[in-house]
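This report describes how two protein chains meet each other and how they meet DNA. Please keep the sequence and the structure in view while reading.

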There are 2 protein chains.
Amino acid sequence: MPPRLRRTQAERRATTVAALLDAAVSSLVELGYAATTTKEVTRRAGVSQGGLFRHFATRHELMVAAADEVRRRQFESFAAALERLGDATAEDCLVLLRQACRAPMNAAWYELVVAARTDRDLHDALAPMATRYMKEIVELGRGLPAAAGVPDDQLESVLLGIVHLLDGESMMSVLDPHPELEDQRLQQLARGLKGLPLWDSAH
Amino acid sequence: MPPRLRRTQAERRATTVAALLDAAVSSLVELGYAATTTKEVTRRAGVSQGGLFRHFATRHELMVAAADEVRRRQFESFAAALERLGDATAEDCLVLLRQACRAPMNAAWYELVVAARTDRDLHDALAPMATRYMKEIVELGRGLPAAAGVPDDQLESVLLGIVHLLDGESMMSVLDPHPELEDQRLQQLARGLKGLPLWDSAH
DNA sequence: AGACATAGCGAGCAGGCGCTCTCTTTTGTT
DNA sequence: AACAAAAGAGAGCGCCTGCTCGCTATGTCT
């Protein structure tokens, strides 16, 4: 039925693996870590159980590959959005970073991080990814005009602090969202980034 | 074998329920949400399966009760630590808050929050608890001397922002800890709370 | 004391899990 | 064209899950 063109083994393999990773990531986003079963992933990917285990020896291996895929996509799309904006103000950067933290895809990352806390194998596989992730973010941030005002020896702490804040905000907003407070907080962060006090003391 | 003293039904019920909640919470902390099975909880509590389902109609009900227990204990222990300290400086308060976020018990809260994202029933049950939790923290913080310098209309945003930051930090430190950065960040937060810029611009 | 309600027990059930194994189909090699 | 290797399929296995149900033990009420 589909135009039966001949594909190399490498191509067949690549498309199947890609479909499986896509499926795993979307399932992590929509159903969470525990409900991302091999059966669910194969169903989404249109691949059989046997097909999955040909490319990933265990569910664990699939989850690790999915984690790396999430990390890669998240960083790429954030970097691209930053590029697209050109020379951005501190506020612009913060808005972008907040969008990235709240992106559905990032929820998959939280799922994996939380699962890794009580799963030693997953922990050991994800730890280097997390380190790399943070490092890439810091390096990206270091090149930004908005970071020019931050002393070099404080930049890493401040930058990752902002990421942590937006991560925590994103997680809790699922249960208890406060849009107004969150906007106010973004303004405070922008002031902080510029080396000003968080609020205007002449109230 | 144990001193067979006569207990009322209410007492029997209360001790069993307490044992089950203890077991559920410790299992959430040590094994995570997915691995906190009814069997695991009954094993830890020394109660039979039938005994559990006499008091909790479903696993879901047990998890909801455990969540409220976690919220209660976390807030109580934090309030007690604050009380114990007397009139605390901003640094003192931040250290205490950071300890609370990193406490093993708080990991159970993260487990439940993340699980609630993809479990509508759990979400609906936990949402009011999360709202209450945040509100209690803000009210507690409002009474602190360390918060005196923060304008009233900015306090909620700042305070919850700090909590989010410490939550995010706590979650990621499982995979990628940076003790030095985290201490530096605490100093920056303390400066921010006092209405100062986050860093000393006379570098 | 006797009747009733509540607490607690644990074997067992239907269903879902990760994974295996055998099989067929497709691609690569000579 | 003949054979080998890799990709994909899907029924099935052993195990674990949340939960039920019939039962005994204990406390409550008249």
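Two helices count as roughly perpendicular when the angle between them is 65 to 115 degrees. The model discussed here is predicted, and this cut-off is applied to a pair of its helices below.

**Helices within the chains**

Chain A contains nine helices and zero strands. Its pattern along the sequence is accordingly written α-α-α-α-α-α-α-α-α. Along the principal axes, the C-alpha atoms of chain A fill a box of roughly 70 × 35 × 30 Å.

In chain B, helix H1 (residues 9-31) packs against helix H6 (residues 104-117) at an angle of about 85°, and their axes are 8 Å apart. H1(B) and H6(B) are therefore roughly perpendicular to each other. Which residues meet where H1(B) and H6(B) pack? From H1(B) come Val25(B), Leu28(B) and Val29(B), while H6(B) provides Pro104(B), Met105(B), Ala108(B), Glu111(B) and Leu112(B). Sorted by class, this contact has seven nonpolar residues, no polar residues and one charged residue.

**The contact between the two chains**

The size of an interface is often given as the accessible area lost when the parts come together. Between chain A and chain B, the buried area is about 4700 Å², and carbon and sulfur atoms give 65% of it. On the side of chain A, the residues that lose the most area to chain B are Arg117(A), Leu175(A) and Trp199(A), which together make up 18% of what that side buries. The contact takes 50 residues from chain A and 50 residues from chain B.

**The surface near DNA strand C**

DNA strand C is surrounded by 22 residues, of which the closest are Gln49(A), Arg59(A), Thr16(B), Arg54(B) and His55(B). Of the atoms of DNA strand C within 4 Å of the protein, 66% belong to sugar and phosphate. H1 and H3 of chain A, and H1 and H3 of chain B, each supply at least two residues of this surface. By class, the surface near DNA strand C has two nonpolar, twelve polar and eight charged residues.

**The surface near DNA strand D**

Around DNA strand D there are 22 residues, and the closest are Thr16(A), Arg54(A), His55(A), Gln49(B) and Arg59(B). Sugar or phosphate accounts for 69% of the atoms of DNA strand D within 4 Å of the protein, and the rest belong to bases. Helices H1 (9-31) and H3 (49-55) of chain A, together with H1 and H3 (49-55) of chain B, each contribute at least two residues to the surface near DNA strand D. The residues of that surface divide into two nonpolar, twelve polar and eight charged.

**Polar contacts with the DNA**

The table lists polar contacts between protein residues and the two DNA strands.

| Protein atom | DNA atom | Distance |
|---|---|---|
| Thr38(A), polar side-chain atom | strand C, phosphate oxygen | 2.9 Å |
| Arg12(B), side-chain N or O atom | strand C, sugar or linking oxygen | 3.1 Å |
| Arg13(B), side-chain N or O atom | strand C, phosphate oxygen | 2.9 Å |
| Arg13(A), side-chain N or O atom | strand D, phosphate oxygen | 3.1 Å |
| Arg54(A), polar side-chain atom | strand D, base oxygen | 2.8 Å |
| Arg7(B), polar backbone atom | strand D, phosphate oxygen | 3.4 Å |

Arg54(A) is also one of the residues closest to DNA strand D, and its polar side-chain atom lies 2.8 Å from a base oxygen of that strand. For Arg7(B), the contact with a phosphate oxygen of DNA strand D is made by a polar backbone atom.

Definitions and conventions:
Residues numbered from 1 in each chain as written. Chains lettered and ligands numbered in written order. Predicted model: local features only at pLDDT ≥ 70, side-chain atom pairs only at ≥ 80, totals over all residues. Heavy atoms only, no water. Axes fitted to C-alpha atoms, helices over the stretch in contact; angles between N-to-C directions. Helix = DSSP H or I, 4+ residues; strand = E, 2+ residues; numbered from the N terminus. Parallel < 35°, antiparallel > 145°, perpendicular 65-115°, else oblique. Contact = heavy atoms within 4.5 Å. Nonpolar A, V, L, I, M, F, W, Y, C, P; charged D, E, K, R; others polar. Near = heavy atom within 4 Å. Polar contact = N/O pair within 3.5 Å; in protein donor to acceptor, adjacent residues only side chain to side chain. Buried area = accessible area lost by both parts, 1.4 Å probe.
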